Amino acid sequence: MLPSLIKRTGWLFCCLFPFVCQAQFPAITVEGFFLRDSVEIGQSVKYVLLSRHAPQAEVVFPDTSAGFSPFEVVRKDFYPTRTVQGISTDSTLYTLRTFSLKPVQTLQLTAQLFHNGDTLHLTTARDTVFLIQNVALVKDPLPLQSTTHLQPVPEQFNYLYWLMGAVAAAILIGGVWGLFGKGINLRYKLYVLQKDQAQFQSRFQTSKERFLRGKTLDQLERAIILWKNYLTKLEDTAINSFTTKEIVSYYEEDERVSNALKVCDRAIYGNIISENESEETDSLNQLADFAANRYVLIRDSLRHVANTR
């Protein structure tokens, strides 16, 4: 008798338990549906999730991290709750897309109802969309080749990139030259001056030594020509075309230049050389010293200009 009573009581509890649980929550309905019945691969499709419930109920719709397979969530749009005649309506619009090749694709979502500390999961009915087949199936597909030979492709000259590179390089070089061009030019001139001075002194000394050894006027004349050519480049003036008188006048009657050139002219044009060549040697030394002094003067002037910029 007792076991039979227990069975009847248990059966009655099981039958009434769902109604007791539903009575703990306010009335609510949840539905979800697509706004069209067909879709292409990668094309967006709208899905509406709708809930109608009592105003005191709190319904939470799934966010974008929930399972939407085989669809991907592109966007989620909320709409404010509307309450009419004691019934509140919540709605959310999901923008989905699919890359699945299944001809028929379904979606079913689950919302949550929170009430008095309890949670109720509410699942929508399944809704279906059909995949639009844009490519017909090939009955007899061509066999795939396991290996292929690479075909040579002629290289094309990228005029645009080269032009952009040339313009960028021109702008860079122009900017550097605008900032440092004058300083670079002055330092280059100083380098050339130093190189020319060293070369002149070496060649002038060689001509003087040959003159002393051979006592020939050709070497003396060669030394004078070297001196004039060097000063022509140093002064940037055609001194090598000047006469002795014009050279002395150009250097403001400098005694060293005047006396040295007169001795050398007398030896070259008058064929008169002193017995021990001391006068000619001293004259050549004076001309070399004078050229060195002019070099130092011009060099220091350029350095001063470079330092003041």
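Helix axes here are lines fitted to C-alpha atoms over the stretch in contact, and the angle between two of them runs from 0 to 180 degrees between N-to-C directions. I note this first for the helix pair below, and I keep in mind throughout that the model is predicted.

**Entry 1: the chain as a whole.** I counted six helices and ten strands in the protein chain. Of its 309 residues, 32% count as buried. I then looked at contacts between residues at least 6 apart in sequence, and found that 62% of them join residues at least 24 apart.

**Entry 2: α3 against α5.** I looked up helix α3 (residues 217-235) and helix α5 (residues 255-270), whose axes come within 10 Å and cross at roughly 145°. The crossing of α3 and α5 is left-handed. On the α3 side the contact is made by L217, L220, E221, I224 and W227, and on the α5 side by V257, L261, C264, A267 and I268. Sorted by character, the residues of this contact divide into nine nonpolar, no polar and one charged.

**Entry 3: the nonpolar cores.** The largest nonpolar core has 32 residues, and those with the most contacts inside it are F204, L220, W227, L231, L284 and L287. I checked which helices contribute, and α2, α3, α4 (244-250), α5 and α6 (278-308) each supply at least two residues of this core. For F204 I listed the partners, not counting residues up to four places away in sequence, and found that F204 touches A223, L226, W227, L284, L287 and A288. There is also a second, separate core of 20 residues, which includes V45, A57, A111 and L113.

**Entry 4: D196.** I asked myself whether D196 is buried or exposed. D196 has a relative accessible area of 15%, and because buried means under 20%, D196 counts as buried. D196 lies in helix α2 (residues 159-214). Leaving aside neighbours within four places in sequence, D196 is in contact with Y230 and K233. With K233 there is a polar contact, made between the two side chains at 3.1 Å.

**Entry 5: G32.** I turned last to G32, which lies in strand β1 (residues 28-34). G32 has a relative accessible area of 12%, so this residue too falls under the 20% limit and is buried. Which residues is G32 in contact with, leaving aside neighbours within four places in sequence? I found Y47, V48, L49, T124, A125 and D127. I also looked up G32 and T123, which are 91 residues apart in sequence and 9.1 Å apart in space, C-alpha to C-alpha.

Notes:
Residues numbered from 1 in each chain as written. Predicted model: local features only at pLDDT ≥ 70, side-chain atom pairs only at ≥ 80, totals over all residues. Heavy atoms only, no water. Helix = DSSP H or I, 4+ residues; strand = E, 2+ residues; numbered from the N terminus. Buried < 20%, exposed > 50% of the residue type's maximum accessible area, 1.4 Å probe, protein only. Polar contact = N/O pair within 3.5 Å; in protein donor to acceptor, adjacent residues only side chain to side chain. Contact = heavy atoms within 4.5 Å. Left-handed = near helix turned anticlockwise from the far one by under 90°. Nonpolar A, V, L, I, M, F, W, Y, C, P; charged D, E, K, R; others polar. Core = buried A, V, L, I, M, F, W, Y, C linked by side-chain atoms within 4.5 Å.
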